[in-house]
Amino acid sequence: MIQYSTLKSSMGGVVLALGMAACAVNTGPASAADVCAARDQAQQGSVKHQGRDRSYRLFVPATGSADKPLPLVVALHGGWGTGELMAEQTGLDQAAAKHGFAVVYPDGVSRAWNAGSCCGKPMEQKIDDVGFVEKLVAKLGESACIDDDRVYGTGFSNGAMMTHRIACESPTLFNAIAPVAGGPMIDNCPGAAAIPALLIVGKEDERIPWQGGMFKENYRPSIADQVKVLAKRNRCDDNVAKAASLGGGCEKRSGCAQGAVQWCVLDGVGHQWPGGKTYLKALLGPNRADFDATATILNFFSASK
């Protein structure tokens, strides 16, 4: 996750730029009755949860109908992010239109999520972000053009951590998950169910060390440990094979009876969304354009439909 104390001044320019860009966003209606009528544009909406008006950004492409509703991707931003920033960072709107998904980008309280032992005010105040995402998906599922039986979760950094927590505590909400640069930040998950999972992290990510370790007095689990837990849930065997269809640096467990377990550990990538817009390179590390995390994730979700 991006540490608040380090990035407060650096993110100011990014947030200001986004605020100016938001003035140019077409904001259509985001009520259950109207989301299907406002296609191919950013829609802003909110749901009330724990006495707060929780905001989100929604994109519904022109494809899909009441007869053929679209699957939904829940995309959770990183620390100091917003739904608008997540859309810009990932390019998910354009990719979702190509692959046939709607995408919702919820906003965290104080630009963060309560993922367990991380992060910021939501963690300190014990904000119920799992309940918020559940309520948001239920609201959008009332729309004829969105299929709430096919919901997928992805996120970056603190949002990736939150994706893991939702999969643990609300095991029937997501059909598959694809967290980027963030692992689970909860001690245990006794009620977790099998779920197809794709994990992506950069080898040069100092905030989410792929081999595991401490960052700012906070332990980050290794990819190997995450795979071990997921493979046990999904009843995979111990064999590891190259996931050639995903690209270099990607592997998978074989023989998974209840959902694929795949992971990509990428050379030349720091705390960035691979193939997406690069932010604060001097602080967060490099990125690379030859691995498109967004397309890779949507292809994985399509295979999990």
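A disulfide is a pair of cysteine sulfur atoms within 2.5 Å, and this tour will stop at several of them. One thing to keep in mind as you click around: the model is predicted.

**The whole view**

Start with everything shown as a cartoon. You should be able to pick out nine helices and 12 strands. Now colour by burial: of the 305 residues in the protein, 54% are buried. If you turn on a surface, its accessible area comes to about 12,500 Å², with 49% of that belonging to carbon and sulfur atoms. Contacts are worth a look too. Among those with a separation of 6 or more, 62% are between residues 24 or more positions apart.

**Stop one: C168 and C189**

Select C168 and C189 and show their side chains. Their sulfur atoms are 2.0 Å apart, and the two form a disulfide. Look along the S-S bond: with 130° about it, this link is right-handed. C168 belongs to helix 6 (residues 158-169), while C189 sits in the loop between strand 6 (176-180) and strand 7 (197-202), so the bond ties together parts that are 21 residues apart in sequence. Are these two cysteines buried or exposed? Both C168 and C189 are buried.

**Stop two: C250 and C264**

Next, select C250 and C264. Here the disulfide has an S to S distance of 2.1 Å. The torsion about its S-S bond is about 110°, so this one is right-handed. The pair links distant parts of the chain: strand 11 (residues 250-253) holds C250 and strand 12 (residues 261-266) holds C264, 14 residues apart. C250 and C264 are both buried.

**Stop three: C118 and C119**

Now zoom in on C118 and C119. They form a disulfide too, with their sulfur atoms 1.5 Å apart. The link of C118 and C119 is right-handed, with 80° about the S-S bond. C118 has a relative accessible area of 4%, so it is buried. C119 is buried as well, with a relative accessible area of 1%.

How many disulfides does the structure hold? There are five. Count the bonded cysteines along the chain and the pattern reads 1-4, 2-3, 5-6, 7-9, 8-10.

**Stop four: the aromatic rings**

Hide the cysteines and turn to the rings. A search of the whole structure finds three aromatic pairs. Select Y152 and F301 for one of them: the pair is stacked, 4.9 Å centre to centre, with 25° between the planes. The rings come from distant parts of the chain, Y152 from strand 5 (residues 146-156) and F301 from helix 9 (residues 293-303), 149 residues apart. Both Y152 and F301 are buried.

Keep F301 selected and add F300. The centres of these two rings are 6.3 Å apart and their planes meet at 50°, so the pair is tilted. F300 is at 6% relative accessibility, so it counts as buried, and F301 has a relative accessible area of 0%. Add F101 to complete the picture: F101, Y152, F300 and F301 form one aromatic cluster.

**Last stop: R54 and F132**

Finally, select R54 and F132. What lies over the face of F132? It is R54, at 3.9 Å from the ring centre.

Note on methods
Residues numbered from 1 in each chain as written. Predicted model: local features only at pLDDT ≥ 70, side-chain atom pairs only at ≥ 80, totals over all residues. Heavy atoms only, no water. Phe/Tyr/Trp six-rings, centres within 6.5 Å; stacked < 30°, edge-to-face > 60°. Helix = DSSP H or I, 4+ residues; strand = E, 2+ residues; numbered from the N terminus. Buried < 20%, exposed > 50% of the residue type's maximum accessible area, 1.4 Å probe, protein only. Lys NZ or Arg CZ within 6 Å of the ring centre and 35° of its normal. Contact = heavy atoms within 4.5 Å. Areas by Shrake-Rupley, 256 points an atom, 1.4 Å probe, with all protein chains shown as cover.
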